[in-house]
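Here is a friendly walk through two helical regions of one model. Please keep the sequence and the 3D view open as you read.

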Amino acid sequence: MRISAITPPIGRAIAAKSSSYYGIFADPFSLFSLNFHSKDTLFSPNFKRDLSCESEVDEAIFLFRKMVRMRPQPSVFEFTKQLKVIVNMKQYSVALKLFDEMRELGAPVNEYTMNILINCCCHLKRVDVGFAVFGIFFKHGYAADVVTVTTLLKGLFLDGKVAEAEQLFKQLLSLRLCEPNDFTIVTVINGLCKNGHVLAAHDLLLLLEKTIYKPNVMAYNAVIDGLCKVRMVDNALELKCRMIDKGISPDVVTYSPMIQGLCDFGRWKEVKHLLDEMVNHKICLTVVTFNILVDSFCKEGNVKEAEDVLEIMKQQNISPDIFTYNAFIDGYCLQGKMEKAKEVFDSITGDGLKPCIISYGILINGYCKKGKVDEAWRLFLEVSSKGLEHTTVTYNTMIHGLFSECRIADGWKLFNDMEARHVHPDLHTCNILLDSLCKSHEIAEAFSFLRVMEDKGLSPNIITYGILINGLCKDGKLEDAKKLLNELPLKGLQPNCQAYTIVIGSLCEEGFVDDAKDLLVKMERSGCAPNSVTYNNIIQGLLKRKEVYKAMPFLEEMYKRGFSADTATSSMLINHLQGFQNDDVLLEMIKKVVPKL
């Protein structure tokens, strides 16, 4: 069928469908007349393509346009094949524009063309247009097949429209629109997991086990991965046993998230059991599996064990990748062994790899935490010369490092550079800068800066307000701090332990111990449990007023919760003991809460 035959309906339907979507299809006679993400016309001098390989895409475009103008025209198979090449390069907008050229010159189309168009729309998060395309083709005799429906399901999930995707899948099964295949089932289960509906995916998996549409290993893997990501490792282990009982053999993808989950919980014996199980099932460990072990050991400070894992990798002829190196750099940085970290960083190029921006970010962070900001700064400047681009994370790390060394002007200068280079600040950037202003007692400026960040679309979190509350307290504005604390629920935020503790500590320092005790009661009634710092603050406030016996209930409660007196509280208790030498109860309590007494 020639596409010219369906042009007017497509134009009208798309124009109607898109009328409320910023005029994406402004020309009623052109299906994809404008690019999805740019106001510049495709192929115009102003159009900017994000191409991984410019020459390959240009060559594909040239060949496609040559085909369109050939007489007689090539078959629909050849056109579809060439469109697919461009889609495989992830140039979805380009593919849509080329389809427009096909339409204008009457090139042939079929159901495969339709599926390619729908796939492009879905990848561009315009599943609404994908449905419009399907509707128009359907009116001209093209039936939906399993690929069409699966693509639309994928598009709904990519766009976060989970309820609509579930409804479509139910209709697919109940109305028998077409027979779902393994890829359809995996698309739905994976889509649910990726959108945070892991338990729904788990329930669907168990439901499908009872039907003729039996889930395959990829479906089980998707749910196991989802369960592990929400820290439900035991449920994942149970599901692994279930799939084996169903006769489905697990693979390395099955085991990797469970190993990661167990490592996160420090359940090393069970990790070893899973690894032994993999060996018994003749499942080869990949670099991904090894990286999980290396990274977990390094994060726990066991770099020696990580080095042993690396040796096993080499014995099995598995080459470390950049993630392996980054894990070791991070491990040494966490131990403060910057020379070893730099040594690993320098060895990356020797093994035929290149440091990535994450490698630089880890090392810059390590130097900053050690107070070696000049070394961090040298690395920061080196990034551009290596053809890498700084991220929000590397800017945040460097700005925080400069502030930590009281290089305030340099930190703000770097923030200005960050904005000039269009690297978008995030909430963490905002919090770093607010903290600097508050520590400099520039409270008014801090609130002004917060409003600027809010205008740019950032929503303050409890950490943001904790910084401001602390700043107000340190600046002697205790009433303002209390007021801001009380206003947090109106902003949709629940005060956390740190926010309460900051105000309680300030009340105690100012001698308002009774107010501090009242706030502690309010804190616990709100469901926020006090921590060691909270108790130490109140106890110190009472001891300063020489109200030792009033401090006793708090000492007892602190002991029951497993907390200890800090250095300041311990010193004050020992000093007060001299006046209460015959008080055995106090002595015993002090022995409980003062470490090593």
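## Helix H22 and a helix pair

Just after H22, His-422 adopts a positive phi of about 60°. This is a predicted model, in which local features need pLDDT of at least 70 and side-chain atom pairs count only at pLDDT 80 or more, while totals for chains, interfaces and linings use all residues. Residues are numbered from 1 along each chain as its sequence is written, and side-chain values use heavy atoms, leaving out hydrogens and water. Helices are DSSP runs (H or I, at least four residues), numbered from the N terminus.

Helix H22 covers residues 408-420; at 1.5 Å a residue its 13 residues should span 18 Å (1.5 Å times one less than the number of residues), and the end C-alpha atoms, 19 Å apart, agree with that.

Which residues of H22 are buried (under 20% relative accessible area, 1.4 Å probe, protein chains only)? They are Gly-411, Leu-414, Phe-415 and Met-418. These cover an arc of only 105° around the axis, judged by directions from the axis to the C-beta atoms, so they lie on the same side of H22. The face turned away from that side carries Ala-409, Lys-413 and Ala-420, which are exposed (over 50%).

Helices included in the cover over the buried residues, by contact (heavy atoms within 4.5 Å):

| Helix | Residues |
|---|---|
| H20 | 373-385 |
| H21 | 392-404 |
| H23 | 427-439 |
| H24 | 443-455 |

Elsewhere, the axes of H7 (residues 146-158) and H9 (residues 182-194), lines fitted to C-alpha atoms over the stretch in contact, come within 10 Å and cross at roughly 5°, on a scale from 0 to 180 degrees between N-to-C directions. H7 and H9 are therefore roughly parallel (under 35 degrees).

How values were computed: Helices (H or I, at least four residues) and strands (E, at least two) are DSSP runs, numbered from the N terminus. Angles under 35 degrees count as roughly parallel, over 145 as roughly antiparallel, 65 to 115 as roughly perpendicular and the rest as oblique.
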